[in-house]
Amino acid sequence: MRLIKSLSILTMLSTILLSGCNSVGESTNGVSVKEETVLVNDNASVVKSMADFDLYDDITEVEEYADLIIKGKYTGERDQKDFFKGGHLVQTTIESEIEIKKVYKGDKNKKDIITVFEPAYFKNDQFVSIEGYNLVNEKGNYVLLLRESSTSHGYVIVGMFQGKYDLSKQEEAKKQNKVEKYEDIKDLEYFGDEYGRFNKLKKDVKEKYK
């Protein structure tokens, strides 16, 4: 069963990523983009932003919305991009490179490198996470459920945290009562409020994608 989580203000990410911005300084439909280096700051304060998105009870529901399902590794390459409209900053996101290790669904091949838009970023001594999403890292062995952007430039993770699972991590996600700095959560797979749902979906993923 799909539930709509209607909690807050950040609903522009998917729209912007699908709007046609595909290179530095290029403007399509009034949207322009500026690229910058990602500066990871362990002392950055953590801000969790909420969004309107679908919640899923079963991994098969997530699969229905995925154009590409893979097992992959983060290459260590990523950029951070600011999206502007009318001269105003409307969203920031991180683009991370993933090397495909195995394809379960979709028109890609092993060893292909793809770009994945991640709903989190560093800005002004803050780590901003959408719904408790945490960035991929080089240690992880990920199953990713992705949908293609309209520009074919990269992929968006289905359902925020519901489309990214690190099979190298055995511990379940749990409630985080006190998160102050990025170093407190940098090794966590997920640190949002839907930890029960995340754990159930990950169990499904581990049984299905071996």
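Contact here means heavy atoms within 4.5 Å. I started with leucine 146: leaving aside its neighbours within four places in sequence, it is in contact with Ala66, Asp67, Leu68, Ile70, Ile114, Val116, Tyr155, Val156, Ile157 and Val158.

A note to self on the ground rules. This is a predicted model, where local features need pLDDT of at least 70 and side-chain atom pairs count only at pLDDT 80 or more, while totals for chains, interfaces and linings use all residues. Residues are numbered from 1 along each chain as its sequence is written, and side-chain values use heavy atoms, with hydrogens and water left out.

Next I looked up the cores. A nonpolar core is a set of buried Ala, Val, Leu, Ile, Met, Phe, Trp, Tyr and Cys residues joined through side-chain atoms within 4.5 Å; buried means under 20% relative accessible area, exposed over 50%, partly exposed in between (1.4 Å probe, protein chains only). The largest one has 27 residues, and Leu146 is among those with the most contacts inside it, along with Ile70, Ile98, Ile114, Phe127 and Leu135. Elements giving two or more residues to this core include β6, β7, β8 and α3 (182-185). (Helices are DSSP runs of H or I, at least four residues, and strands are runs of E, at least two, numbered from the N terminus.) Apart from this core lies another, of 22 residues, including Leu55 and Phe198. My textbook reminder: in soluble globular proteins, nonpolar side chains tend to be buried together.

Then I went strand by strand. Two strands pair if DSSP finds at least two bridges between them. I found β6 (residues 68-85) joined to β7 (residues 88-105) by 14 bridges, running antiparallel. Their hairpin has two residues between the strands, and glycine 86 takes a positive phi near 60 degrees there. On its other pairing, β7 runs antiparallel to β8 (residues 113-118), with six bridges, and isoleucine 98 has isoleucine 114 in β8 as its bridge partner.

Is lysine 81, in strand β6, buried or exposed? Lysine 81 counts as buried, because its relative accessibility is 5%. I also found a polar contact of 3.3 Å between the side chains of lysine 81 and glutamate 95 (a pair of N or O atoms within 3.5 Å; within protein, one must be able to donate a hydrogen and the other to accept it, and residues adjacent in sequence count only if both atoms are side-chain atoms). Glutamate 95 turned up again as the bridge partner of aspartate 79 in β7.
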